[in-house]
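Thanks for coming. I will go through one model this morning, starting with a single residue and working out to the whole chain.

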Amino acid sequence: MGADDKVLGYDEVSLHNTSKDCWVIINAKAYDVTNFLDDHPGGGDVLLEAAGKDASEEFESAGHGSAARLMLDEYYVGEIDPSTTPSPKPAATAHLLSKEPKDDNAKSSGLLVKLLQFLLILGFAAGMHFFTKSSSNFEL
């Protein structure tokens, strides 16, 4: 980071979230991509979905090559102060880590499956009991 680099807060970038004023954060740097909306190969909507947010993951997962990385230089606005980056919400993180179904319908259908499994095993055991009991009474 040079002496002339502007340091921005995450909140400041988040204000630039429209098609007339579209900024994104990529790898702790802010870029004003407003003039690139019409030229983006994936369409302007892709950038607008990330407007005012950290789009690092999306940028990296899209497989952008060296040409795209070089293009970022012309849209550079400044560095992001890492102390201003919001931390993940505990409820959202807990939900992502949870393996529980997220709605009541999924919970009740899981319960139904377990009940049916139990009844199937019980029916099999009862059938085996009656089969073996009637076979042992069978004389040669």
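Contact here means heavy atoms within 4.5 Å. By that rule, and not counting residues up to four places away in sequence, Thr34 touches Ser19, Lys20, Asp21 and Cys22. Before I go on, please keep in mind that this is a predicted model.

Where does Thr34 sit? Its place is the loop between strand 4, residues 29–32, and helix 2. Is Thr34 buried or exposed? Its relative accessibility is 17%, so Thr34 counts as buried; the cut-off for buried is under 20%. The side chain of Thr34 also makes a polar contact, at 2.6 Å, with the side chain of Asp32.

That same loop between strand 4 and helix 2 holds His40. With a relative accessibility of 14%, His40 counts as buried. Setting aside neighbours within four places in sequence, the residues in contact with His40 are Val46, Leu47 and His64.

His40 brings me to the pocket. The largest pocket has a volume of about 440 Å³. Its lining has 21 residues, and those closest to the pocket centre are Ile26, His40, Leu47, Phe59 and His64. Which elements give two or more residues to that lining? They are strand 3 (21–26), helix 2 (44–49), helix 3 (56–61) and helix 4 (66–72). By residue class, the lining of the largest pocket divides into 15 nonpolar, 2 polar and 4 charged. So two of the residues that His40 contacts, Leu47 and His64, are also among those closest to the pocket centre, and the reason I count them as contacts is the 4.5 Å cut-off.

Next, the backbone. Two residues that are not glycine have a positive phi: Asn27, at about 50 degrees, and Ala28, at about 65 degrees. Asn27 is found in the loop between strand 3 and strand 4, and Ala28 has its place in that loop as well. How accessible are they? Asn27 has a relative accessibility of 43% and so counts as partly exposed. Ala28, with a relative accessible area of 39%, is partly exposed too.

Now a pairing across the sequence. Ser14 lies in helix 1, residues 10–14, and is partly exposed, with a relative accessible area of 26%. Ser14 and Ala51 are 37 residues apart in sequence, while their C-alpha atoms are 7.4 Å apart in space.

On to the whole chain. How many helices and strands does the protein have? There are 6 helices and 5 strands. Along the sequence they follow the pattern β-α-β-β-β-α-α-α-β-α-α. Of the 140 residues in the protein, 22% are buried. Taking contacts with a separation of 6 or more, 66% are between residues 24 or more positions apart.

Last, the annotated segment. UniProt, in an unreviewed entry, lists residues 111–131 as "transmembrane region". In the model the chain over residues 111–131 is 100% helix and 0% strand. The C-alpha atoms at the two ends of that stretch are 30 Å apart. The label comes from the UniProt entry, while the helix content and the end distance are computed from the predicted model.

That is what I have.

Methods: Residues numbered from 1 in each chain as written. Predicted model: local features only at pLDDT ≥ 70, side-chain atom pairs only at ≥ 80, totals over all residues. Heavy atoms only, no water. 1 Å grid on protein atoms, 1.4 Å probe; cavity = no way out; pocket = protein on both sides within 12 Å on 5 of 7 lines; lining within 4 Å. Points joined across faces, edges and corners; volume = space filled by probe spheres on them. Helix = DSSP H or I, 4+ residues; strand = E, 2+ residues; numbered from the N terminus. Nonpolar A, V, L, I, M, F, W, Y, C, P; charged D, E, K, R; others polar. UniProt positions renumbered as here; feature names shortened; annotations may be inferred. Buried < 20%, exposed > 50% of the residue type's maximum accessible area, 1.4 Å probe, protein only. Polar contact = N/O pair within 3.5 Å; in protein donor to acceptor, adjacent residues only side chain to side chain.
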